[in-house]
Amino acid sequence: MLSIIEELAVEEWEDPDNYFPSYNITPTQSTPVLFFSSKRSVKSMRWGLIPSWAKDTSIGAKLINARSETILEKPSFKNLVPRQRCIIIADGYYEWKKSSSKTRPFYIRHQENKLLPMAGLWDTWKNPQGEYVSTYTVITTSPAENISHIHNRMPVILEDRDISLWIKTKDSSLQQALGLLKPLEGQLKSFEVSNFVNSPRHNSAQCINPLEAGLNLGLF
């Protein structure tokens, strides 16, 4: 946690005792999210956006990602872009490469083991019991060239210098923010991992082990 606080210049972390690192995050689970509300704050939010106007939670499973190209056209996202932007805190993610015979999982991370600050949108929904639930969606874009062989989409990963511009919505124009929604080039490393990661019950360092010691695809 300390390294996250230092790297992202976090000023406030809500309920830090409930933070536990995860190797296999799946939709509807909660993860730490950075946003700005008078200070750089982190709180746990559920993956899968539930708009404030939703009748129930079921829509969240359909809104785990938001395409950058159409983000201003979708009712669930367009009103959040100007005012409720966030960073999903991660240091890697999985993508599955499809072939004629099978689907193979790959792990993608920064080549220098830095965080991968993913651009997202967040909202708060009130359930029938009067409890508030904060949720988010990850914004996606076309893939960087060196990982395009794996999948045709990737999360929008921001440079460190652009994080404030994204989360401090009052200090940037909409066009400035939208200009950040592009592939991160030249800084990612990928390698194939075991199907062990396919089960959400598995959550250990084994999930990110290269499939074979010699099979580290690296940058290419």
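Strand β7 spans residues 103-110 and is mostly covered. Of its 8 residues, 6 are buried. The model is predicted.

Two strands pair with β7. Strand β6, residues 93-98, runs antiparallel to β7, and the pairing comprises 6 bridges. In this pairing, Tyr 94 faces Tyr 107 of β7 across the strands. The connection between β6 and β7 is a hairpin, with 4 residues between the strands. Strand β11, residues 188-192, also pairs with β7 in the antiparallel sense, here over 5 bridges. Phe 106 stands opposite Glu 192 of β11. In a regular strand, side chains alternate between the two faces of the sheet.

Backbone torsions were examined next. Most residues other than glycine have a negative phi. Thr 28 has a positive value, near 80°. This residue lies in the loop that joins β1 (12-13) and β2 (30-36). Its relative accessible area is 45%. Thr 28 is therefore classed as partly exposed, since that class lies between the 20% limit for buried and the 50% limit for exposed.

Ser 38 is likewise not a glycine, and its phi is positive, at about 75°. Ser 38 sits in the loop between β2 and β3 (40-47). Its relative accessibility is 67%, so Ser 38 counts as exposed; the cut-off for that class is over 50%.

Terms used. Residues numbered from 1 in each chain as written. Predicted model: local features only at pLDDT ≥ 70, side-chain atom pairs only at ≥ 80, totals over all residues. Heavy atoms only, no water. Buried < 20%, exposed > 50% of the residue type's maximum accessible area, 1.4 Å probe, protein only. Pairing = 2+ DSSP bridges.
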